[in-house]
There are 2 protein chains.
Amino acid sequence: MHDFTMKINEYLPLREVVFHTLRDAILRGELEPGEHLMEVQLANKLGVSRTPIREAIRQLQTEGLVIMTPRKGAVVAEITREDLTDVLEVRITLEKMAVALACENINQEEIARLKKCQQELENMLGNEKLTEIANKDEEFHDIIYEASGNKRLIQILNNLREQLYRYRIEYIKDEQKWVILVEEHNALIVAIENKDVDEAKKVIRKHIDNQRQTILENLKIN
Amino acid sequence: MHDFTMKINEYLPLREVVFHTLRDAILRGELEPGEHLMEVQLANKLGVSRTPIREAIRQLQTEGLVIMTPRKGAVVAEITREDLTDVLEVRITLEKMAVALACENINQEEIARLKKCQQELENMLGNEKLTEIANKDEEFHDIIYEASGNKRLIQILNNLREQLYRYRIEYIKDEQKWVILVEEHNALIVAIENKDVDEAKKVIRKHIDNQRQTILENLKIN
DNA sequence: CTAAATATATATGTATACAAAATACAAAAT
DNA sequence: ATTTTGTATTTTGTATACATATATATTTAG
């Protein structure tokens, strides 16, 4: 029998399409920090009306990617060193919370997924494009988020990651750091499997700290 | 000479006005969880067009107060016991982070504000309306947030508080708990002034835990 | 030549119109 | 009686028009 549920829900509101288009453009740097987002111009460029553009821009605002001023419009958010430090500081705190909860709540199926993901990540190093590796690394952390069981925590962590999206490649670029990354992930798996909360927190703190250092080093902003 | 800067920036976009109106209506319970928000109906009721209504509803969505489904519309979010537990859990983590940072970064002026605020709070107990007391209590915590110096942390904590707004009166109602509240606040001031991070974390955890217990007790939801 | 003033253009804010999908409901079929 | 199907109505999605504020260019006063 055929699967009729397959093509269901293929619909995406234009505002969503526009949102993702603009978001990607910002993260790729095609729309530069400080650049003015003009509704009519974008509408013409994307072949839609102003309405979905406006709604997409508002969504971008809540993600922190653009700054809106009433009657002046929206500009691509400048990310300052201070902003990034703040975000990363909060992220460390919440990642520690996530692994602590994961130690308590993770099940066998999730542990298996974690190991499988880690194995795939190791196999990709040197063979795949950096973005693919970065995606796999994010997947690894996603599994831990999910295992925490706290939906609000997951939501906030996903949003924080969004802010760092522009820099996620940077810390994968350096091949010398791959071995450290792999080691830290493995240490994390062991700690979580043993329900060793303190160890897990220690490892994740180190892990994110490394990323922080790399991101801040590669930052060409004030 | 007259103050011409006074009436400057009096302008609020309609979407902001509508947003606050709808938000209050939800928090007051006039718009009940599960209730469908219909654009034309709200537009007629508030005497504006659909455009600002739509934009306000989207803002409410990002605050977690409504749930939107494409082509179906928006409903007031049901707050489940699980949601609340999740929010409060995250809040404890972030409040601990806030007091820890406050211990490091707070200055004399802020400590003075904290003490003044606490004094005002004590004077209000029994004399003022509960909402006024709740406001003053929020002000107390706001000073600590600010003293942390982490803007992202402040933003997230403010957003989490938003979610709990409906219940903030509950834990002020019980007069027997006032003495505990005052004690905890004072203990917090001492700990922060002494830069005693561990003690401050301990106190704030207890403080929020008490609120959590009261909120969950008073909860009439699943 | 500079700076204030004014006119012009451009952008956002808001309202409205039209299209398409979802829902409600009644009639028909089983 | 229950399900199905067709139709009317409601509702959201998107486009567009108009009003008003802001930015830009131009003119004019000093």
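## Protein chains A and B with DNA strands C and D

A polar side-chain atom of B:Thr51 lies 2.7 Å from a base nitrogen of DNA strand C. The elements that give two or more residues to the surface near this strand are helix H2 (39-46) and helix H3 (50-62) of chain A, with helix H1 (14-28) and helix H3 (50-62) of chain B. Helices are DSSP runs of H or I with at least four residues, numbered from the N terminus.

This is a predicted model, in which local features need pLDDT of at least 70 and side-chain atom pairs count only at pLDDT 80 or more, while totals for chains, interfaces and linings use all residues. Residues are numbered from 1 along each chain as its sequence is written, chains are lettered from A and ligands numbered from 1 in the order in which they are written, and side-chain values use heavy atoms, with hydrogens and water left out.

### DNA strand C

A residue is near a strand if one of its heavy atoms lies within 4 Å of it. DNA strand C has 22 residues around it, and B:Leu14, B:Ser49, B:Thr51, B:Arg71 and B:Lys72 come nearest. Of the strand C atoms within 4 Å of the protein, 71% belong to sugar or phosphate. The rest belong to bases.

Both parts of the strand take polar contacts (for protein and DNA here, a pair of N or O atoms within 3.5 Å). B:Ser49 places a backbone N or O atom 2.7 Å from a phosphate oxygen of strand C. B:Arg50 has a side-chain N or O atom 3.5 Å from a base nitrogen of strand C. By class, the surface near strand C has 9 nonpolar, 3 polar and 10 charged residues. Here Ala, Val, Leu, Ile, Met, Phe, Trp, Tyr, Cys and Pro count as nonpolar, Asp, Glu, Lys and Arg as charged, and the others, Gly among them, as polar.

### DNA strand D

Around DNA strand D there are 21 residues, of which A:Leu14, A:Ser49, A:Thr51, B:Met38 and B:Arg50 come nearest. Sugar or phosphate accounts for 67% of the strand D atoms within 4 Å of the protein, and bases for the rest. The table lists polar contacts to strand D.

| Protein atom | Atom of DNA strand D | Distance |
|---|---|---|
| B:Glu39, polar backbone atom | phosphate oxygen | 3.2 Å |
| B:Arg50, polar side-chain atom | base oxygen | 2.9 Å |
| B:Arg71, polar backbone atom | phosphate oxygen | 3.0 Å |

H1 and H3 of chain A, together with H3 of chain B, are the elements that give two or more residues to the surface near strand D. That surface divides into 8 nonpolar, 3 polar and 10 charged residues.

### Chain A against chain B

The size of an interface is often given as the accessible area lost when the parts come together. Chain A and chain B bury about 2,500 Å² between them, 56% of it on carbon and sulfur atoms. Buried area is the accessible area (1.4 Å probe) that two parts lose on being put together, summed over both. The contact (heavy atoms within 4.5 Å) takes 27 residues from chain A and 27 residues from chain B.

Between the chains there are 6 salt bridges. A salt bridge is a side-chain nitrogen of Lys or Arg within 4 Å of a carboxyl oxygen of Asp or Glu. B:Arg58 and A:Glu55 meet in a salt bridge, 3.5 Å from N to O. The two chains also have 12 residue pairs in polar contact, both residues at pLDDT 80 or more. Within protein, one atom of such a pair must be able to donate a hydrogen and the other to accept it, and residues adjacent in sequence count only if both atoms are side-chain atoms.

On the side of chain A that touches chain B, the elements giving two or more residues are H3, helix H4 (81-105) and helix H7 (151-164) of chain A. H4(A) gives the most, with 9 residues. This side of chain A has 12 nonpolar, 5 polar and 10 charged residues.

### Two domains of chain A

The domain assignment, automatic or from a database, gives chain A domain 1 (14-76) and domain 2 (81-218). Their centres, taken over C-alpha atoms, are 29 Å apart. The contact takes 8 residues from domain 1 and 5 residues from domain 2. About 640 Å² is buried between them, with carbon and sulfur atoms giving 42%.

The interface of the two domains holds 1 salt bridge. The side chains of A:Arg23 and A:Glu162 meet in a salt bridge at 2.2 Å, N to O. Helix H1 (residues 14-28) of chain A gives the most to the domain 1 side, with 3 residues.
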